[in-house]
Amino acid sequence: MWLLWMVAGIAYAIDLGSKLAVVEGLEGQAPVPVIGTWLELRVQRNPGAAFGLGEATTIVFTLIAVAVAVAIVRVSRRLTSTPWALALGLLLGGALGNLTDRLFRSPGSMRGAVVDFIAVRDFSVMNLADWAITCGGVLVILLSFRGGELGPASGSRNGSRNGQRNGPRSAP
């Protein structure tokens, strides 16, 4: 569980720090090329979701971010898998990063616009929280297909499946 919190904290801190830096230094400025016109830093406020979808329903995305954070915190109590801790930590850190914007950026009241600044040519303008969410989501999908478990099922004892004890069984 500590890994989930560490990954979430790092992802959140990097996202928040990067947004503060780009708003301070780049907002209102011309785009800064990183790799020609293929990748540039360009500050853009996004009240919607990915690709600017749902701009009129910002509050819905705020509530989704809250629900995701609550669900991850609840699941974290039984988490014993390192890969799942990494995936859920990325999701939580990213969700909290964008949730912070929705709560505290203009116009506020759960309707704040997210600061995006990583512009990929002919694709999208994103932020580091979006990248954390994407990477965490991909890991969740891979882990789900692989059949990896989060931890012991509810009601099981001794951290094992179906309440059975670990270790060799003695003959009856």
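1. Let me start with Trp131, which counts as partly exposed at 36% relative accessibility; here buried means under 20% relative accessible area, exposed over 50%, and partly exposed in between, with a 1.4 Å probe and protein chains only. Trp131 sits in helix α4. Helices (H or I, at least four residues) and strands (E, at least two) are DSSP runs, numbered from the N terminus. Setting aside neighbours within four places in sequence, Trp131 is in contact with Ile118 and Met126, where contact means heavy atoms within 4.5 Å. Its C-alpha atom is separated by 9.6 Å from that of Ala11, and the two residues are 120 residues apart along the chain.

2. A word on provenance: this is a predicted model, in which local features need pLDDT of at least 70 and side-chain atom pairs count only at pLDDT 80 or more, while totals for chains, interfaces and linings use all residues. Residues are numbered from 1 along each chain as its sequence is written, and side-chain values use heavy atoms, with hydrogens and water left out.

3. On the overall layout, the protein has four helices and four strands, in the order α-β-β-α-α-β-β-α from the N terminus on. Among contacts with a separation of 6 or more, 65% are between residues 24 or more positions apart.

4. Now for the interior. The largest nonpolar core has 19 residues, and those touching the most other members are Leu4, Ile72, Leu79, Trp84, Leu88, Leu92 and Val140. Such a core is a set of buried Ala, Val, Leu, Ile, Met, Phe, Trp, Tyr and Cys residues joined through side-chain atoms within 4.5 Å. At least two of its residues come from each of α1 (2–25), α2 (58–76), α3 (82–104) and α4 (128–146), and α3 gives the most, with seven. Ile72 is in contact with Leu4, Leu88, Leu91 and Leu92, leaving aside neighbours within four places in sequence. Another core, of six residues, lies apart from this one and includes Val43, Val115, Phe117 and Ile118.

5. You may want to look at Asp122, which has a positive phi of about 55 degrees although it is not a glycine. Most residues other than glycine have a negative phi. Asp122 is found in the loop between β3 (114–120) and β4 (124–126), and is exposed, with a relative accessible area of 76%.

6. Finally, the surface totals. Of the 172 residues in the protein, 37% are buried. The protein exposes about 10300 Å², with carbon and sulfur atoms supplying 64% of it; accessible areas come from the Shrake-Rupley method with a 1.4 Å probe, and for residues only the protein chains shown count as cover.
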